[in-house]
Amino acid sequence: MAGRTVRVQGFPAELPADRAADKLTIHFLRSRNGGGDIAEVRVLPGSPSCALITFEAPEVAQRTLKVKNHVLAIGRTRYPLEVTLHAAELSPDEVLRG
């Protein structure tokens, strides 16, 4: 799982989770957005809106991080997305520092 998951923020919180997942899946499948095959999309509850997208391959996650401006279009409204690497697991060093 490490290195394959990105955290996405910036889509509207009022969007139902299943619709948000569909919109994000379509966006991140497109090669022009650096995307590719997706293993899982999880929309997390709460505010601000946040989703975790896990790709089949780590290089796809890296490509999406290199794209400067991710914009999700819903109807006529465009939402700039913030895409960051999700640290899914702690490394042994992080566990031992505590």
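**Entry 1: the aromatic pair**

I started with the rings and found one aromatic pair in the structure. Its members are Phe28 and Phe55, with ring centres 6.3 Å apart and planes at 70°, so I noted the pair as edge-to-face. I should say straight away that this is a predicted model.

Where do Phe28 and Phe55 sit? Phe28 belongs to helix α1 and Phe55 to strand β3, so the pair ties together parts that are 27 residues apart in sequence. I then looked up how covered each ring residue is. Phe28 is buried, at a relative accessible area of 0%. Phe55 is buried too, with a value of 0%.

**Entry 2: stepping back to the whole chain**

Before going on I wanted the layout. I get three helices and five strands for the protein chain. Read from the N terminus, the elements go β-α-β-β-α-β-β-α. The chain has 98 residues, and 36% of them count as buried.

I also checked how far apart in sequence the contacting residues are. Taking contacts between residues at least 6 apart in sequence, I see that 63% join residues at least 24 apart. On the outside, the chain exposes about 6,200 Å², and carbon and sulfur atoms supply 50% of that.

**Entry 3: the sheet**

In what order do the strands of the open sheet come? I wrote down β2-β3-β1-β5-β4, five strands with antiparallel pairing. β2 and β4 are at the edges with a single partner strand each, so each has one side left without a neighbour in the sheet. From one strand to the next, the twist averages 30°.

Next I went through pairings in the sheet:

- β1 (residues 5-9) is joined to β3 by five bridges, and the two run antiparallel.
- β2 (residues 38-44) is joined to β3 by six bridges, also antiparallel.
- β4 and β5 pair over five bridges, in the antiparallel sense.

For the β4 and β5 side, I noted that His70 stands opposite Leu81 in β5.

**Entry 4: strand β3 up close**

Phe55 had already taken me to β3, so I stayed there. How many residues of β3 are buried? Six of the six, residues 50-55, so the strand is largely enclosed by the rest of the structure.

I remembered that side chains in a regular strand alternate between the two faces of the sheet. So I sorted β3 by face: Cys50, Leu52 and Thr54 are on one side, Ala51, Ile53 and Phe55 on the other, and all are buried.

Cys50 has a partner on each flank. Gln9 stands opposite Cys50, and so does Leu44. Further along β3, Leu52 is the bridge partner of Arg42. I also looked at the hairpin of β2 and β3: there are five residues between the strands, and Gly46 takes a positive phi near 110°.

**Entry 5: the helices on the sheet**

Which strands does α1 lie across? My list has β1, β2, β3, β4 and β5, with α1 running at about 130° to β4. α2 lies across β1, β3, β4 and β5, and runs at about 125° to β5.

**Entry 6: the nonpolar core**

As a general point, nonpolar side chains tend to be buried together in soluble globular proteins. Here I found that the largest nonpolar core has 20 residues. Those with the most contacts inside it are Val8, Phe11, Leu24, Phe28, Ile53, Phe55 and Leu81, so both rings from my opening entry are back on the page.

At least two residues of this core come from each of β1, α1 (17-29), β2, β3, α2 (58-66), β4 (70-74) and β5 (77-85). Which element gives the most? That is α1, with four residues.

I picked Val8 for a closer look. Leaving out residues up to four places away in sequence, Val8 touches Leu24, Phe28, Ser49, Cys50, Ala51, Ile53, Leu81, Glu82 and Val83.

**Entry 7: a histidine in a loop**

Last, I looked up His86, which lies in the loop between β5 and α3 (92-97). Is His86 buried or exposed? Its relative accessible area is 18%, and the cut-off for buried is under 20%, so His86 counts as buried. Apart from its neighbours within four places in sequence, His86 is in contact with Thr5, Val6, Arg7 and Leu52. Leu52 was already in my notes as one of the buried residues of β3.

How values were computed: Residues numbered from 1 in each chain as written. Predicted model: local features only at pLDDT ≥ 70, side-chain atom pairs only at ≥ 80, totals over all residues. Heavy atoms only, no water. Buried < 20%, exposed > 50% of the residue type's maximum accessible area, 1.4 Å probe, protein only. Pairing = 2+ DSSP bridges. Core = buried A, V, L, I, M, F, W, Y, C linked by side-chain atoms within 4.5 Å. Contact = heavy atoms within 4.5 Å. Axes fitted to C-alpha atoms, helices over the stretch in contact; angles between N-to-C directions. Phe/Tyr/Trp six-rings, centres within 6.5 Å; stacked < 30°, edge-to-face > 60°. Areas by Shrake-Rupley, 256 points an atom, 1.4 Å probe, with all protein chains shown as cover.
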